[in-house]
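Student: Before we turn to the model, may I ask how the descriptive terms are justified? I should like each one set against its definition.

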Amino acid sequence: MLVFEAKLEGTKEQYERIDEAIRTARFVRNSCIRYWMDNKGIGKYELSAYCAVLAQEFPFAGKLNSQARQASAERAWSAITRFYDNCKKVKPGKKGFPRFKRLRTHGSVEYKTTGWKLSEDRRAITFSDGFEAGSFKLWGTRDLHFYQLKQIKRVRVVRRADGYYVQFCLDVERIQKREPTGKTIGLDVGLTHFYTDSNGQTVDNPRHLRKSEKSLKRLQRRLSHTEKGSKNRAKARNRLSRKHLKVSRQRKDFAVKLARCVVQSNDLVAYEDLMVRNMVKNSKLSKSISDAAWSNFRSWLEYFGKVFGVVTVAVPPHYTSANCSNCREVVKKSLSQRTHRCPHCGHVQDRDWNAAINILELGLRTVGHTGTLNVSGDIDLCIGQETPQCKSSRGKRKPRK
């Protein structure tokens with residue numbers, strides 16, 4: 001599934017009608033959650049049928065496209081199923097009980113196969129539901145001429161602080177071929193450096209949030225000095241939202257480019273299976289850990305690993321920093337000690353470099369054990385020999401005696 005995004009250009013009246021559609025979609029989702037709370041035991045199909053009841057009872061809900069109402073009900077059901085899954089897995093802490101969506105700066109409405117129409121040149125889109133938003137010009141770098149209209153399964157209109165965007169969800173499998181390099185790498189993420197690999201090379205931590213804190217604090221002070229409900233407060237809130245949006249885009253751009261470069265340059269990438277959710281509970285390091293966005297970087301590593309057919313292995317992080325990469329003896333050290341000094345063999349090395357070597361060794365040693373590790377990609381490329389991509393990476397089951 002591919003998602004292409006373009007910005008919508010229209011008039012102020014058209015944007016107001018899009019806002020009405022977004023508010024209606026949020027109303028349908030909240031109504032479905034309330035209906036589920038009042039009638040325990042109902043399922044997905046009952047929520048879809050309830051959308052027709054809402055359209056008859058509320059005239060503004062009837063203006064929204066029928067498939068868009070069903071998509072809002074599906075969002076409500078996804079929140080309900082996530083709550084059920086967390087309860088079954090006995091997840092510690094809060095289980096994520098479905099909550100009502102409130103009015104925010106951002107929002108979205110999702111259409112399926114009706115309620116929208118692309119122009120012949122694929123440079124404009126027209127929304128034809130009851131709100132009659134009209135035609136919008138598309139601004140983007142993606143060319144939709146390479147894909148057929150039947151491949152577009154969803155069209156999502158998203159409102160952000162800097163404008164309105166449309167997302168096209170295409171039913172296309174993305175696979176790209178690459179020449180095997182015969183290289184393997186282990187990554188140890190950190191705060192001093194974003195990561196240190198098993199070759200001793202480091203990548204600086206960009207610290208996007210830290211660099212923008214001064215301007216964010218200034219915009220936050222201006223927002224707090226405005227009167228609630230005034231137009232000046234809305235303008236100040238929009239300026240603050242735009243700055244936060246820029247920081248998040250910088251963080252994503254850095255993660256995407258770095259992950260793609262790492263995957264294309266190696267046949268196997270090993271990294272730590274960190275529980276970032278637990279690590280951010282540290283009150284002194286939570287902001288720095290969140291600013292580094294290790295989970296985002298890992299997600300893009302796994303995605304590009306599937307696209308290019310590269311093995312990405314998540315290994316347990318236990319004792320990766322304590323073990324000596326030369327003699328395998330355990331050398332305990334504090335977080336402030338940045339140099340690894342082994343008293344058993346006398347090996348001296350940077351702490352993160354030593355950990356990256358241990359991570360790579362764990363990845364190479366247990367690359368095929370999918371029961372204990374998180375492995376994506378084809379493991380046939382990790383040994384430097386290319387085999388057909390259609391072959392399964394798992395061995396055949398031995399016959400019983």
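Tutor: Let us begin with burial: a residue counts as buried when its relative accessible area is under 20%. The model is a predicted one. By that cut-off, 42% of the 401 residues of the protein chain are buried.

Student: What makes the 10 helices and 15 strands of the protein chain count as such?

Tutor: A helix needs at least four residues and a strand at least two. Runs that meet these limits come to 10 helices and 15 strands in the protein chain.

Student: How do you know what share of the contacts joins residues 24 or more positions apart?

Tutor: A contact requires heavy atoms within 4.5 Å. Among contacts in the protein chain with a separation of 6 or more, 68% link residues 24 or more positions apart.

Student: Which side chains are called positive and which negative, and how many of each does the protein chain have?

Tutor: Lys and Arg count as positive, Asp and Glu as negative. On that basis the protein chain has 80 positive and 39 negative side chains, and the centres of the two sets lie 5 Å apart.

Student: Why is the space of about 900 Å³ called a pocket, and what lines it?

Tutor: A pocket is an open set of points, whereas in a cavity the probe cannot get out. The largest pocket has a volume of about 900 Å³. Its lining comprises 22 residues, and Val3, Glu5, Arg142, Lys252 and Trp300 are the closest to its centre. The elements giving two or more residues to this lining are β1 (2-9), β7 (163-170), α6 (231-265) and α9 (294-308). The largest share, 8 residues, comes from α6.

Terms used: Residues are numbered from 1 along each chain as its sequence is written. This is a predicted model: local features need pLDDT of at least 70, side-chain atom pairs count only at pLDDT 80 or more; totals for chains, interfaces and linings use all residues. Side-chain values use heavy atoms; hydrogens and water are left out. Buried means under 20% relative accessible area, exposed over 50%, partly exposed in between (1.4 Å probe, protein chains only). The place of a charge is taken as NZ of Lys, CZ of Arg, CG of Asp or CD of Glu. On a 1 Å grid over the protein atoms alone, a cavity is a set of points where a 1.4 Å probe fits but cannot get out, and a pocket is an open set with protein on both sides within 12 Å along at least five of seven lines; lining residues have an atom within 4 Å of a point. Grid points are joined across faces, edges and corners, and a volume is the space filled by probe spheres set on the points.
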